[in-house]
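Q: I am new to this structure and would like a close look at its main pocket and what surrounds it. Could you walk me through that part, and then on to the helices and charged pairs that go with it?

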Amino acid sequence: MEPLFSPALHIQRHQFVVDFVRGKKPKKVVDLGCGECKLLKKLRFHHEIEMLVGVDINEAKIKRYMHGLAPISTDYLQPSFDWLSIEVYKGSVTQRDARFKGFDLATAIEIIEHLTPADVEHFSAVVFGYMRPGAVVISTPNSDFNPLLPGLSGFRDRDHKFEWSRAEFRSWALRVCSEYGYEVEFTGVGEALHGHHDSVGFCSQIGVFYRLTASYPPNTLGDDEDVFSYTLLYHINYPSLRDNNTLRRVLVSEVLYQAEQLKVRWIEENSGGRCLCLTCGRMKELQIEPHTEVEEKQEGAEEDQVLQTSRPNQQDPLNRYVTVPLSALWLNCPKIKKLSGSLVNLRHLLMDEPEVRLSEDGRTVLVKYQEEDQEGDLDFPSEDDGFTEVSCCSNSFEQEEDWEANV
């Protein structure tokens, strides 16, 4: 049957849901009868979804495929500001569970035909009367199409309890809408060839149900207390920059990388008698002005936009540092600007990070150039100078904070 359609029929059904999600942008989605989790695997890449849940009666099948929903390496290396939590449960779609209320979208793809007529009534009451999602997408085989399927006698699957015609599906759907306060649109996937579509319809018929109001009708299942009848088998939260720990980890990594890049660039230009101005981005003639530590503190480190060399700890005279202003990182590195939001917030986020060494006033990152110093490739001022500053353009920290509003 499947080779009759391109793409295959099951792919078209899933693509219908994917296209619906793209258009309606639901945040909370549940797949009823998730089986091998194929639809969940496709939906996890859609950034509008914040909570993705599946439920199926077959525990063994869930456990076989659920780990394919785990984040991949790039999700950890390059997390986004999107938030995604995935849960998979063992349970029956004919039983209610309070955790399944409040979803924007519920899908039941080729599930309802596996239920007995009595269970279909329970399914209708649970999904439309108890869960009451904002939208429901239900697909089921169209028996009107069966004569066009070569070699088929009886139902399409041995586990099917029934297969509805278009008229039967429409009758059930309209009754559900009347009882539970929904409206429905009919469509499908898998078109008939050779002009048969008007007479037989789609191979898989689809009903898209939309809730009319949040308060209609009164709950028919006696919702006096919450019921938890499903068993949670899998739960994972994807890395997100909304999580403060993840944000700090990514920010620290980016700050260290970008500070190192600026240091290397400054050293290369410094060795040629010219220096890089981080304010204007142009090369200037190198001017060396000796300062003492006392003078540095008194001046308030107003050369924040210029890289400079120093020994911040007199008890550690062998280690030299290039000081990279936080303002330079914030202005010159778009990712750092996006992660931190503001220069003040960048400083706050880095204050207690052990991997990042800041100056005493918290305005600059100290980056060692020990390897270059040991190789003897560069001729830096002697230790007697105490502090060496590369002067170019000068702006105060207060001015840099004003830049944020203008960038």
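**The pocket and its surroundings**

A: Let's begin with the lining of the largest pocket, where the largest share, 4 residues, comes from α1. Please keep in mind that this is a predicted model. Besides α1, the elements β1, α2 (38-43) and β2 (51-56) each supply at least two residues of that lining. In total, 38 residues line the largest pocket, and those nearest its centre are Gly-33, Ile-109, Glu-110, Ile-111 and His-114. The volume of this pocket is about 1,000 Å³.

Glu-110 deserves a second look. Its partner in a salt bridge is Arg-13, with the closest N and O atoms 3.8 Å apart. This pair links distant parts of the chain: Arg-13 sits in helix α1 (residues 9-24), while Glu-110 belongs to the loop between β4 and α5, 97 residues apart. Arg-13 and Glu-110 are both buried. In general, side chains of opposite charge can pair when their charged atoms come close.

The loop that holds Glu-110 runs between β4 and α5, so let us follow the chain into that helix. Helix α5 covers residues 117-131, and at 1.5 Å a residue its 15 residues should span 21 Å; the end C-alpha atoms are 20 Å apart, which agrees. Many of its side chains can be found on the list of buried residues: Val-120, Phe-123, Ser-124, Ala-125, Val-126, Val-127, Phe-128, Gly-129, Tyr-130 and Met-131. What covers them includes the strands β1 (28-32), β4 (105-109), β5 (135-141), β6 (182-189) and β7 (204-211), together with helix α6 (166-180). After α5 comes Arg-132, which has a positive phi, near 50°.

Helix α6, one of the elements covering α5, can be read in a similar way. Its 15 residues should span 21 Å at 1.5 Å a residue, and the end C-alpha atoms are 21 Å apart, which agrees. Buried in α6 are Phe-169, Trp-172, Ala-173, Val-176, Cys-177 and Tyr-180. Seen down the axis of α6, these buried residues fall within an arc of 135°, so they line one face of the helix. That face packs against α5, β5, β6 and β7. On the other side of α6, Ala-167 and Ser-178 are exposed. Gly-181 follows α6, and its phi is positive, near 80°.

Finally, back to the charged pairs. The count for the model comes to 14 salt bridges, and the link between Arg-13 and Glu-110 is one of them. Another joins Lys-263 to Glu-260, at 2.8 Å from N to O. These two are 3 residues apart in helix α8 (residues 244-270), which means that about one helical turn separates them. Lys-263 is buried, because its relative accessible area is 2%, whereas Glu-260 is partly exposed at 29% relative accessibility. Lys-161 and Asp-159 also meet in a salt bridge, at 3.3 Å from N to O. Here Lys-161 counts as partly exposed, with 39% relative accessibility, and Asp-159 is partly exposed too, with a relative accessible area of 37%. Salt bridges can also join up: Glu-59, Lys-63 and Lys-90 are linked in a network of them.

Methods:
Residues are numbered from 1 along each chain as its sequence is written. This is a predicted model: local features need pLDDT of at least 70, side-chain atom pairs count only at pLDDT 80 or more; totals for chains, interfaces and linings use all residues. Side-chain values use heavy atoms; hydrogens and water are left out. The expected span of a helix is 1.5 Å times one less than its number of residues. Buried means under 20% relative accessible area, exposed over 50%, partly exposed in between (1.4 Å probe, protein chains only). Contact means heavy atoms within 4.5 Å. The arc is that of the directions from the helix axis to the C-beta atoms. A salt bridge is a side-chain nitrogen of Lys or Arg within 4 Å of a carboxyl oxygen of Asp or Glu. On a 1 Å grid over the protein atoms alone, a cavity is a set of points where a 1.4 Å probe fits but cannot get out, and a pocket is an open set with protein on both sides within 12 Å along at least five of seven lines; lining residues have an atom within 4 Å of a point. Grid points are joined across faces, edges and corners, and a volume is the space filled by probe spheres set on the points.
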